[in-house]
Each structure stands twice: as structure tokens, then as C-alpha cells.
Amino acid sequence: VRTSAHKFPIETGRYSQTPRPERMCPFGCHTLGDECHYLFDCKHPLIERARTPTLNDISCLKPEVSQMDPPHKCKFLFKCDDPQMVHLLGKLCYDIQKIFKVLSF
């Protein structure tokens, strides 16, 4: 998934020509700082706290999502055309980007 409208390391590294394997999460997760990571797997407490209610809502609508690993969850949700799911995914993206911005500046 590439949405490009954010300041995650995967995107900012493109502009600074940082090699892809070096575009790591700055919060100690020791993994690539891409959209999938922040939306579904980042361990920063503020990010986890922000995403939990929305992921719970998503899991109520589509229980199978809770059993998916982050890459499959990401692919599934970004391909989903259910209006409720699109709304929840948009909310999740907005909330996580807002928190990332606060934590990064």
C-alpha cells in the first residue's frame, strides 16, 4: 500500500534517498516504518491506544480481520469497498497520522 500523504519514514525516506531497509520506525519497533506498521503493529503506547477502539469496531463488522497478521489486514482493508469499513479505515488513518505527527515533531 502506498498512500504518500503522510510523514512516515517509508515516504520521507524516498525524498531523502534513504535506502528502504533504513526507513525504520523511530519508536524502537525495529521494523520498517510504513503504513501497515503504524496502522496495525507499532508498539508505541499512544499509537496502540489510538488504534484499539477503531480496530475493535472493524473486528465487530468483520471478525476475520482480528485473526489476520498486519500485512494481510492491511491488504484486506485497503481493498474493502464496504462504506462502513472505508469510513473506519479513514478514521484510523487520520488518527494515526495525527499522533505520528505529534510524536515526530
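## Cysteines, core and helix H5

Colleague: This is a predicted model, so let's start with a cysteine: is Cys42 buried or exposed?
Modeller: Anything under 20% relative accessible area counts as buried. Cys42 has a relative accessible area of 0%, so the call for Cys42 is buried.

Colleague: And how far is the sulfur of Cys42 from the closest cysteine sulfur?
Modeller: That closest sulfur belongs to Cys29. A disulfide needs the two sulfur atoms within 2.5 Å. The pair is too far apart for a bond, because the distance is 3.8 Å.

Colleague: How many disulfides does the structure hold, then?
Modeller: Cys36 is in none either, as the nearest cysteine sulfur, in Cys74, sits 4.0 Å away. Cys36 is buried too, with a relative accessible area of 13%. Across the structure, the number of disulfides is zero.

Colleague: On to the core: which element gives the most residues to the largest nonpolar core?
Modeller: That core has 25 residues, and Tyr38, Leu92 and Ile96 are among those with the most contacts inside it. The elements giving two or more residues to the core are H2, H3, H4 and H5. With eight residues, the top contributor is H5.

Colleague: How far apart are the end C-alpha atoms of H5?
Modeller: H5 covers residues 83-104, which makes 22 residues. At 1.5 Å a residue the helix should span 32 Å. The model agrees with that, because the end C-alpha atoms are apart by 31 Å.

Colleague: Which residue caps the N-terminal end of H5?
Modeller: Look for a side-chain oxygen by the backbone nitrogen of Gln84. There is one at 2.7 Å, and it comes from Asp82.

Colleague: Which helices do the buried residues of H5 pack against?
Modeller: The buried residues of H5 include Met85, Leu88, Leu92, Ile96 and Phe100. An α-helix has 3.6 residues a turn, so residues three or four places apart point the same way. The packing partners of these buried H5 residues are H1, H2, H3 and H4.

Colleague: Tyr38 came up in the core; which H5 residues, Ile96 included, does Tyr38 contact?
Modeller: Beyond its sequence neighbours within four places, Tyr38 is in contact with residues including Phe8, Phe27, Ile47 and Arg51. From the buried set of H5, its contacts are Ile96 and Phe100.

Colleague: Last one: with which side chain does the side chain of His6 make a polar contact?
Modeller: His6 is in the segment before H1 and counts as buried at 8% relative accessibility. A polar atom of its side chain lies 3.1 Å from the backbone nitrogen of Phe8. The side-chain partner, at 2.8 Å, is Glu35.

Notes. Residues numbered from 1 in each chain as written. Predicted model: local features only at pLDDT ≥ 70, side-chain atom pairs only at ≥ 80, totals over all residues. Heavy atoms only, no water. Helix = DSSP H or I, 4+ residues; strand = E, 2+ residues; numbered from the N terminus. Expected span 1.5 Å × (residues − 1). Buried < 20%, exposed > 50% of the residue type's maximum accessible area, 1.4 Å probe, protein only. Contact = heavy atoms within 4.5 Å. Polar contact = N/O pair within 3.5 Å; in protein donor to acceptor, adjacent residues only side chain to side chain. Core = buried A, V, L, I, M, F, W, Y, C linked by side-chain atoms within 4.5 Å.
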